[in-house]
Amino acid sequence: MLDGLDPEQREVATALHGPVCVLAGAGTGKTRAITHRIAYGVRAGILQPGSVLAVTFTNRAAGEMRGRLRQLGAGGVQARTFHSAALRQLQYFWPKAVGGDLPRLLERKVQLVAEAAARCRIRLDRNELRDVSSEIEWSKVTQTVPADYPAVVAKTQRDAPRDPAEISQIYATYEELKRDRSVIDFEDVLLLTVAILQDRHDIADHVRRQYQHFVVDEYQDVSPLQQRLLDLWLGDRDTLCVVGDASQTIYSFTGATPDHLLNFRTRHPQATVVKLVRDYRSTPQVVHLANGLLGQARGRAAEHRLELVSQREPGPDPAYTEYADEPSEAEGTARRIRDLIAAGVPAGEIAVLYRVNSQSEVYEQALADAGVPYQLRGAERFFERAEVREAGVALRGAARAGGNDSLLDDAEGLPAEVRAVLSTKGWASEPPAGSGAVRDRWESLAALVRLAEDFERARPGATLSDLVAELDERAAAQHAPTVQGVTLASLHSAKGLEWDAVFLVGLTEGMMPITYAKTDEQIEEERRLLYVGVTRARLHLSLSWSLARSPGGRAGRRPSRFLNGLRPGSVPIGTRGAAGGGGIERGPGPVPKRVRRGPARCRVCGRTLTDAGEMKLMRCEDCPSDMDEALYERLRDWRAVRAKEIGQPAYCVFTDKTLMAIAEAVPGSEGELAVISGVGARKLGRFGTAVLAICAGETVEEALGETADEM
Ligand code: ATP
Ligand code: MG
């Protein structure tokens, strides 16, 4: 059990009594050390599995910890997030503390926020909806009520994604809708649990009898509310082990603070404090950049930094790439990802990390265009997806039927059974073409099939009922199986995780640090966020930025200041500038077509265009259109049928703007169609013939006939 640990990690694992605090940098094996500590304690008979509560930051991390504990022979230990641990207790004690059943937990805010916005007659697009939802979350964790929101925004100089008065109105309506429907949201869970444990000593005692030992990972980001909950769980005991890295504090904006970690010794004078510096995750090249970044850091967290020492073989230098504009950056990234996959790196071992969720879209598009599977983190929880729930029902039914199905050959085992059941729900051995809803559905079902395969490998001879039980357990803990696609995630949601290849994109001033980081502390937090991003990479690390937002736009952006002195060719600022290695490239491969085209101008008034939508149209939104209306209508009719055929939303075929541009240009050849923005090579191949036929005057039916022949 202790063989896989170095001497300091072993010290952590064997310090089973009293308070323990591990202060260590990224990739030094903190999570590994505490997992082994628990398993060692259980095997040695010192810890009762049921009396240990391990708390980690994300559901995925908790799931991974449970997996590792099971492998180490300590399966009975609870590993949860603060939220899921609180929710379980809330569910259990609600009837006694409040009476009746716990109100249903709202899994996703977005839908209800959309409804609230609609009631307020405010239109939000998909990205705004996400942003407003997280704004409501921020308000709740900082305990800002709707009426105070605009004032707080003004006071903290916070950049609100919309007019603060509008957000306040949506937020208030959201809370009302929640009450009317008697549902609670994620943030309510902690607030209510703390309230109950505080008020009801009998219930607090009950919880304390159950849990004797506590382990907290990522302790630098514990919020005051979470700390309060932890204190209530502990009572007057100090059987607590915390691990964290002050340099990875990235949730200060929610009120979290590394003070709890850094002051641990003061609160617990007898604490065993262990420091780890060997980095087992990343190559010396990646570690060198990580150390260089921290070398420029300021503030309390930075004073406690430890220089990391890589334990791995050397690898490639980090790649720094400057692109002309965002779509080129996304295309270039997708191209490199395809190359990595071709070179044998599994898609599931690659991540694209960005600062804000709204950056994902252009990468989703580029990866879909490149035919690369991907998964979005922070999107709908796996087990909440309609197709996964349906699949669960089907599997349960089959398990009850108990293998009487004559279609199934017993010798083929569990995965074959699962494939047979799921093929009735839309699974097939090959994925459907393109992106969109049908593809998402397939990816979910494929993930379940893979889960069954892994499960069978781990437990040979397992039955369908065993698998159903496993799924229930995972669903309860919200631990989704890893979908074998490239991960698209925000830097925040990437903490604690690691991949072979990491692409840090959009590293421009304004995005990293983000515009609304104004104070020194806020800037330092942004730097730490980049440090978290860099240290997710085991082997390949790519950092990129683009000079303009849109093709032809003004190339007025500058690369992130945090890379000064680190990326080749830049001037160091601050005290310690290390050379980053790796050559700077200006967009790999051939220069994308649209870069050469020069600034886009309105073909009616000649004004330079910067808005992406206007650029698609090649004219200002309000300049008169010379569009062939009848042609536009026919294109739309054709699109509706095609979208249905391929099971994707209409905009996945072509957006309205692209159809308008086509109806204005009336292209007569593939070449003319190809230059219209929004018609990439893939779409040209798939839809070009039909679109040109419609432009040439064919009816929709005729054009669709042609498509059918094509297929
Ligand atoms: P973070 O700060 O990012 O959460 P961490 O300190 O928790 O990182 P881990 O995730 O526990 O680090 O470990 C990083 C990687 O190094 C993992 O792949 C882990 O298995 C490996 N590792 C850690 N310690 C050792 C060791 N003693 N021997 C071999 N591999 C190790
Ligand atoms: Mg960790």
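Author: In this predicted model, helices are DSSP runs of H or I with at least four residues, numbered from the N terminus. On that basis, helix 25 gives the most to the negative patch, with 3 residues.

Reader: Which residues gather in the patch of negative charge, and which helices supply at least two of them?

Author: The patch on the surface consists of Asp-628, Glu-629, Glu-633, Asp-637, Glu-701 and Glu-702. Helix 25 (629-646) and helix 30 (700-710) each supply at least two of its residues.

Reader: Why is Glu-701 called exposed?

Author: Exposed means over 50% relative accessible area. Glu-701, which lies in helix 30, has a relative accessible area of 61%, and is therefore exposed.

Reader: What makes helix 22 largely enclosed by the rest of the structure?

Author: Of the 15 residues of helix 22, 12 are buried, so the helix is largely enclosed. Among the buried residues are Ile-523, Arg-527, Tyr-531 and Val-534.

Reader: How does the reach of helix 22 stand against the span expected at 1.5 Å a residue?

Author: Helix 22 (residues 520-534) reaches 21 Å from its first C-alpha to its last, close to the expected 21 Å.

Reader: Why is the contact of Asp-205 and Arg-208 called a salt bridge?

Author: The criterion is a side-chain nitrogen of Lys or Arg within 4 Å of a carboxyl oxygen of Asp or Glu. The N to O distance for Asp-205 and Arg-208 is 3.9 Å, and the pair therefore qualifies as a salt bridge. The two residues are 3 apart in helix 10 (residues 201-210), which separates them by about one helical turn. Asp-205, at 38%, is partly exposed, and Arg-208, at 22%, is partly exposed as well.

Reader: What separates Glu-175 and Lys-178 in helix 8, and are they buried or exposed?

Author: Being 3 residues apart in helix 8 (residues 164-180), they are separated by about one helical turn. Both Glu-175 and Lys-178 are buried, and their side chains meet in a salt bridge at 3.2 Å, N to O.

Reader: What parts does the salt bridge of Arg-538 and Glu-498 tie together?

Author: The side chains of Arg-538 and Glu-498 meet at 3.2 Å, N to O. Arg-538 lies in strand 16 (residues 537-548) and Glu-498 in the loop between strand 14 (486-490) and strand 15 (499-504), so the pair ties together parts 40 residues apart in sequence.

Reader: How do you know that Arg-538 counts as buried and Glu-498 as partly exposed?

Author: Buried means under 20% relative accessible area, and partly exposed lies between that and the exposed range of over 50%. Arg-538, at 17%, therefore counts as buried, whereas Glu-498, at 33%, counts as partly exposed.

Conventions. Residues numbered from 1 in each chain as written. Chains lettered and ligands numbered in written order. Predicted model: local features only at pLDDT ≥ 70, side-chain atom pairs only at ≥ 80, totals over all residues. Heavy atoms only, no water. Patch = residues over 30% accessible without salt bridge, like charges linked within 9 Å, V, L, I, M, F, W, Y side chains within 5 Å. Areas by Shrake-Rupley, 256 points an atom, 1.4 Å probe, with all protein chains shown as cover. Lys, Arg positive; Asp, Glu negative; His and termini not counted. Charge placed at Lys NZ, Arg CZ, Asp CG, Glu CD. Buried < 20%, exposed > 50% of the residue type's maximum accessible area, 1.4 Å probe, protein only. Expected span 1.5 Å × (residues − 1).
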